[in-house]
Amino acid sequence: MLVQGGLPDYLIVGGGTSGCVLAARLTESPDVRVLLVEAGPDLTEESQPADIRSGNPSRAFFTREFFFDGLMARFGAVPTVPDAPRPAAKYEQARVLGGGSAINGMLGNRGAPADYDEWEALGAEGWNWASTLPYFRKLERDLDVSGDLHGADGPVPISRPDPATFCGFVRGTRDMLLARGVPTVEDQNGDWGDGVMRVTTTISERAERASAAVCYLTPEVRRRPNLVVVTGRSVNRLMQDAGTVTGAEIAGPDGPVRIAARETIVCCGAINTPALLQRSGFGPADLLTRTGVPVVRDIAGVGQNLQEHPALGISCFIRPGNRHSDSRRHHTQVHYRFSSGLEGCPETDMHMAVLARSAWHDVGEQLGTYYLWINKSYSTGHVAIASPEADKLPDVDFRLLSDQRDLQRMRDGFRRVASVALDPALDAVRAEVFPTIFSDRVRQVSRPGQWNAFQTAVFARVLDFAGFARGALIRRFIAPYDIRELLADDAALDAYLHKAIVGVWHCVGTCRMGRADDPAAVTASDGRVHGVPGLRIGDASLMPTVPCANTNIPTFMLAERIADLIRSESRAAPAGLQQETMP
Ligand SMILES: Cc1cc2nc3c(=O)[nH]c(=O)nc-3n(C[C@H](O)[C@H](O)[C@H](O)COP(=O)(O)OP(=O)(O)OC[C@H]3O[C@@H](n4cnc5c(N)ncnc54)[C@H](O)[C@@H]3O)c2cc1C
């Protein structure tokens with residue numbers, strides 16, 4: 001028997017940020033049985049590899065075994081070569097217990113109160129700042145700041161870097177912004193205005209990563225007899241009977257296994273959740289018909305409303321003595337939040353992260369990056385299966401900058417960040433300034449490994465001693481654009497933006513909450529899929545809009561609140577569901 005006492009009440013599919021929260025919270029009631037199925041490997045406090053445990057995320061980011069290898073996405077909305085198909089590039093999504101929280105950048109912020117009020121205005125009844133704040137507090141253990149806005153004893157530690165550890169490049173940038181009159185924001189998670197601030201991170205008291213797997217699925221939680229965690233097993237598709245979801249078919253070494261449950265909660269993340277629904281027959285009828293999936297229920301919104309933060313970088317060659325050489329510490333220490341002032345856009349809609357180093361290797365240590373993103377973005381894209389087969393990854397099309405407000409703000413934002421990077425006040429800490437391209441080659445070199453360590457060590461020595469030739473080497477081997485040429489030519493700048501635009505792994509919104517009479521809404525405000533008994537969503541797919549935040553903390557909050565909503569419901573299991581044991 002999988003879970004002592006019989007059929008699981010809840011089958012949670014996907015053990016990422018949200019799945020771990022739901023598994024831990026729901027099994028606080030001893031009479032609720034939960035089976036959590038995660039496609040990736042197990043992860044515990046003891047077993048996590050050094051690259052994941054580290055307080056510096058730059059190696060975990062690129063370790064292939066923790067990701068859905070081969071997932072591709074189209075980022076920009078405009079072809080970079082006229083009349084040619086828009087190119088796709090790699091897009092990382094976690095495949096490990098803990099999900100994104102086990103490999104992500106560990107930036108831990110909440111977004112603005114207006115983000116959550118907007119969710120309610122868009123039909124997610126009951127989701128607003130006042131109702132979400134208790135869950136932001138519940139999830140966290142803020143190690144630096146106390147008061148009404150902060151939690152002191154939640155599972156997830158929130159910490160901020162000590163300014164004494166800032167390298168010359170970061171200190172110089174911060175001081176230059178302050179000299180320009182930019183205010184200091186003392187608490188990124190409590191003061192919502194524009195300004196320069198220390199980042200908030202999910203780094204623990206022991207200077208280690210705090211993933212959902214470690215913070216929520218503690219040894220004590222995993223000993224609960226009413227919780228079973230199965231890792232290394234992928235759910236192929238949902239099972240249904242006359243439109244009611246009755247469980248899921250799970251891939252196994254001896255063929256698929258069918259597991260019945262009173263309710264199935266899908267937490268596969270904003271890319272894989274809509275794909276799982278679609279290949280199970282829940283999605284836009286035309287897409288399902290085209291891909292050979294029998295339509296169980298035509299739900300137009302499944303896979304639509306894909307949102308991200310459009311992003312790009314401007315990098316600098318940092319002069320020796322001003323670099324971030326402590327590889328145990330996080331490479332992002334300061335954020336700069338600003339308002340575009342574009343009509344119709346809210347305040348603090350823009351964001352610039354100051355990356356003290358751009359990768360774990362020696363060349364990464366030489367390069368600082370100003371990473372600009374639109375924190376309140378409007379462009380939307382979609383996720384669509386290309387085949388009914390469970391092992392085929394979906395088509396992901398972000399269509400970033402398709403909304404004119406995003407394109408205009410990216411143009412203006414690029415100019416603002418360029419003025420930061422080129423400010424003469426920084427001449428002593430940095431040399432060359434160049435627009436970044438986050439290409440597949442950059443990704444490849446960023447994979448941890450001895451060969452990459454060796455070749456970047458050699459190239460780093462060359463760059464340090466190249467003198468006047470360094471600019472040419474950077475253009476030849478790192479990024480081919482000249483920043484002054486782009487600033488002088490609007491058409492060239494637009495072409496660069498469409499080519500260089502990427503996301504920041506903040507995908508959300510593909511099964512969004514909303515009213516039952518809203519054709520774009522997929523679920524009610526408690527995550528239950530409209531018109532599909534037995535099926536609920538519990539992850540970042542639910543968000544009606546992407547908040548002005550890195551999305552991990554908002555996902556923790558969302559899952560905490562969904563868990564509470566579930567616990568407040570009655571528990572009457574339909575009779576007659578059978579389960580098979582898993583080999
Ligand atoms: C590289 C990267 C960097 C990021 N950096 C930051 C950051 O610094 N700060 C921040 O706030 N956010 C960051 N994020 C985003 C953040 O981690 C996500 O918003 C968050 O993890 C979303 O949680 P989720 O539960 O919706 O999905 P996920 O955490 O992605 O979890 C989904 C889980 O479902 C599993 N799964 C998928 N399909 C199946 C299936 N068919 N069967 C079984 N299991 C399945 C996956 O293996 C995965 O474990 C980053 C994300 C990435 C990928």
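Which residue stands opposite alanine 73 in β4? The views below work through this predicted model, and the second one holds the reply.

**View 1. The two annotated domains.** Let's start with what the UniProt record has to say. An unreviewed entry there puts the feature "domain: Glucose-methanol-choline oxidoreductase N-terminal" at residues 9-311. That span is 25% helix and 19% strand, and its end C-alpha atoms lie 41 Å apart. The record, again as an unreviewed entry, also carries "domain: Glucose-methanol-choline oxidoreductase C-terminal", covering residues 378-559. Here the chain is 40% helix and 10% strand, with 24 Å between the end C-alpha atoms.

**View 2. A four-stranded open sheet with mixed pairing.** Follow the strands across and you get the order β4-β3-β20-β19. At the edges sit β4 (89-90) and β19 (382-384), each of them pairing on one side only. Helix α9, made of residues 269-279, packs on this sheet and touches β19 and β20 (395-400). The direction of α9 makes about 45° with that of β19. Now look at the β4 end: strand β3 (residues 72-76) runs antiparallel to β4, and two bridges join them. And there's the reply to the opening question: alanine 73 faces another alanine, number 89, in β4.

**View 3. A five-stranded open sheet with parallel pairing.** The order this time is β8-β2-β1-β12-β22. The edge places go to β8 (227-231) and β22 (535-537), and each pairs on one side only. From one strand to the next, the twist averages 20°. As a bit of background, strands of a sheet pair through backbone hydrogen bonds, and they can do that either parallel or antiparallel.

**View 4. Zooming in on β1 and β12.** How many bridges pair strand β1 with strand β12? There are four, linking residues 10-13 of β1 with residues 263-266 of β12 in the parallel sense. Pick out isoleucine 12 and you'll find isoleucine 265 of β12 standing opposite.

**View 5. A nonpolar patch on the surface.** Which residues form this patch? Trp451, Phe454, Val458 and Val462 do, and together they have about 430 Å² of accessible area. To find your way there, look for helix α14, which spans residues 450-465 and holds phenylalanine 454.

How values were computed. Residues are numbered from 1 along each chain as its sequence is written. This is a predicted model: local features need pLDDT of at least 70, side-chain atom pairs count only at pLDDT 80 or more; totals for chains, interfaces and linings use all residues. Side-chain values use heavy atoms; hydrogens and water are left out. UniProt positions are given in the numbering used here, feature names are shortened, and annotations may be inferred rather than shown by experiment. Patches are made of residues with over 30% relative accessible area and no salt bridge: like charges are joined within 9 Å, nonpolar side chains (Val, Leu, Ile, Met, Phe, Trp, Tyr) within 5 Å. Accessible areas come from the Shrake-Rupley method with a 1.4 Å probe; for residues, only the protein chains shown count as cover. A salt bridge is a side-chain nitrogen of Lys or Arg within 4 Å of a carboxyl oxygen of Asp or Glu. Two strands pair if DSSP finds at least two bridges between them. Contact means heavy atoms within 4.5 Å. Axes are lines fitted to C-alpha atoms, for helices over the stretch in contact, and angles run from 0 to 180 degrees between N-to-C directions.
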